[in-house]
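Welcome! Let's take a friendly walk through this structure, starting from a single residue and working outwards.

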Amino acid sequence: MIPFNYPKSIYLKYKKEINTNISKVLNSGQYIKSNELNKFEKNFAKYINSKFAVGVGNATDSIYIALKTLHIKQGDEVITVSHTATGTIMGILNTGATPIFCDINEQDFNIDLNAINKKISKKTKAIVVVHLYGQSCNMEKLLLIANEKGLPVIEDCSQAAGAKYKNKYLGSIGTFGCFSFFPTKNLSCIGDGGMIVTNNKSYVKKIQCLREYGWDHKRNAKIIGINSRLDEIQAAILNVKLKYLNKDNIERRSIANFYNNNINNLIITKPFENLFAYHVYHLYVIRVKARDKLIKEMNKNNIYPGIHYIKAVHHQKLLINKKNFLPITDKVVNSVLSLPIYPGLKKRNLKEIVRIINNFKII
């Protein structure tokens, strides 16, 4: 069987180091906010080239906390995309704000920078940009728009750990960078985990306060906070994997190059890589008509691709709104297919995947 992702492969790759680090935590008796988390926050900030990093429970919480740090509340609007994981939108909704959906461009499926200005109103308080599949949007152009309107930019880097815009790591460019360490991510733990990075020192104490009940350093609750801490075991695992992130991303890019060089079926649209981006291929997403037919053919051969995302967020029951006109998003959703990609995927498996795709016919 060839799954589209196999988190265990990364664990097996670094099993000895990971088990050693976990054992240290278990024997320490310190399981929350101790040495491993402190170490990981410093290591991750250094890696991203950001001044500060704060570990939290997951990426949805990181977006929520980032927005709350900016005092975003009910009645405010936050511009983002609908072609993303539902968690991005829940991070906005949990503040009480309203997500305003901007369409994507058909080239890389990132936010359409030519459409953002039409979405900005007096209620707009921030932009949450999703670096989809591990590829940066044009951050220079986005920041020109945002700065002109005085809007902070929150980078959703859930799929983009180690990705770059030109020579800068994603997450270090906007007001905040928000990361997920879910088990399938490029940098992953064995449960939920997230991170907020920022270069603004004045925000750090509030982020730390919001992630833990609204406490100050004396454990006095000064504001309404939540319980969202990255625990010691997850941090211990991430401290190992962070050392190898660039190496693992190179392997992902190598798999993507294999697909690019060997898929030659003209009914398949392969992903586009921007010249300004260092794409880390969290997902390798093709477009194909008769998608269900191709999936059945692949499944017959024990290959199990994924769909990201099978339903755009603006079509989900909670957020259905007739005012949302997102033609490119709606078009893309019906044809995207995520091929297997992860460190450790064997060459023989890649050849079999390509063989099935190249032999596929709609009729």
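Ser 180 touches Ala 59, Ser 158, Lys 185, Leu 187 and Gly 193, leaving out residues up to four places away in sequence; contact here means heavy atoms within 4.5 Å. This is a predicted model, where local features need pLDDT of at least 70 and side-chain atom pairs pLDDT 80 or more, while totals for chains, interfaces and linings use all residues. Residues are numbered from 1 along each chain as its sequence is written, and side-chain values use heavy atoms, without hydrogens and water.

Ser 180 sits in strand 9 (residues 176-180); strands (E, at least two residues) and helices (H or I, at least four) are DSSP runs numbered from the N terminus. Ser 180 counts as buried because its relative accessibility is 9%, buried being under 20% relative accessible area with a 1.4 Å probe, protein chains only. A polar atom of its side chain lies 3.2 Å from the backbone nitrogen of Phe 182.

Strand 9 belongs to an open sheet of seven strands, in the order 2-10-9-6-5-3-4 with mixed pairing. Strands pair if DSSP finds at least two bridges between them, and strand 9 joins strand 10 in the antiparallel sense over four bridges. One bridge links Cys 178 to Ile 196 of strand 10.

Two helices lie across strands of the model, at angles between N-to-C directions (0 to 180 degrees) of axes fitted to C-alpha atoms, over the stretch in contact for helices:

| Helix | Lies across | Angle |
|---|---|---|
| Helix 3 | strand 2, strand 9 and strand 10 | about 130 degrees to strand 2 |
| Helix 6 | strand 5 and strand 6 (153-156) | about 150 degrees to strand 6 |

Notes
Buried < 20%, exposed > 50% of the residue type's maximum accessible area, 1.4 Å probe, protein only. Polar contact = N/O pair within 3.5 Å; in protein donor to acceptor, adjacent residues only side chain to side chain.
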